[in-house]
Amino acid sequence: MEYEKNYVYKLMDEGGPTDVREPYFKDAVDEMMRARTLCAKANACMPDDSSYVSYLEELFGRKLDDVRILTPFICDFGNRVTFGTGVFINHSAILSASGGIEFKDGCMAAPGLRIATINHDMNERHTKYTYGKVTICENAWIGMNVTICPGVTIGKYAVVGAGAVVTKDVPDFAVVGGVPAKVIKYLNPEEQKE
């Protein structure tokens, strides 16, 4: 069967499944290799050498003058990540981004962020994958060593405590923590500043 170019991304946007044995999956493999190579080049730069940003700009296909990402940094699908303005991602982030990741304006992440947007099929785990986009809304704050699972939205001004594993959506203004993450309290929206 013949497939149109980038058909694999249509399947990813629909949640899958995709099958690594199908010819359409080559587009995904090509992007993974491009992304891994650019991340390796960025990570090979010394931290005080700002030229690493040019590799990340190539990875994401946009200028990053309004986004700050510290290395080391790993992302397997640069073409599946979008940024608003004023985003900050601290070092040691790993973005498994095939299902899509959106960072909205002003959100920030502490060191060690892990985002998964892909999962293995329970029965055909070596060949089939499913997907769920992750969205980090405006001014959300993600603590150190947080893991965010496929399909999760972190609400605006939400705070995710260090070490949390987020398996379901986090409401706006919620403070969550734990494994799995649960709501601890809510922030007062009137007290939040841009």
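**Strand pairing and a buried threonine**

Reader: Which residue in S11 stands opposite Thr18?
Author: Start with the strands, which are DSSP runs of E, at least two residues long, numbered from the N terminus. Strands S1 (residues 18–19) and S11 pair in the antiparallel sense over two bridges; pairing takes at least two bridges found by DSSP. Opposite Thr18 in S11 stands Tyr129.

Reader: What kind of model is this?
Author: Residues are numbered from 1 along each chain as its sequence is written, and side-chain values use heavy atoms, leaving out hydrogens and water. Local features need pLDDT of at least 70, side-chain atom pairs count only at pLDDT 80 or more, and totals for chains, interfaces and linings use all residues, since this is a predicted model.

Reader: Which residue of S10 stands opposite Tyr129?
Author: S10 (residues 118–120) runs antiparallel to S11. Three bridges join them. Opposite Tyr129 stands His120.

Reader: Is Thr117 buried or exposed?
Author: Thr117 is found in the loop between S9 (114–116) and S10. Its relative accessible area is 0%. Buried means under 20% and exposed over 50%, with a 1.4 Å probe and protein chains only. So Thr117 is buried.

Reader: Which backbone nitrogen does the Thr117 side chain reach?
Author: Among the residues in contact with Thr117 (heavy atoms within 4.5 Å) are Ser96, Ala97 and Ser98, leaving aside neighbours within four places in sequence. At 3.2 Å, the side chain reaches the backbone nitrogen of Ser98.

Reader: Which residue in S18 does Val160 stand opposite?
Author: S16 (residues 159–160) and S18 (residues 174–177) pair in the parallel sense over two bridges. Val160 stands opposite Val176.

Note on methods
Helix = DSSP H or I, 4+ residues; strand = E, 2+ residues; numbered from the N terminus. Polar contact = N/O pair within 3.5 Å; in protein donor to acceptor, adjacent residues only side chain to side chain.
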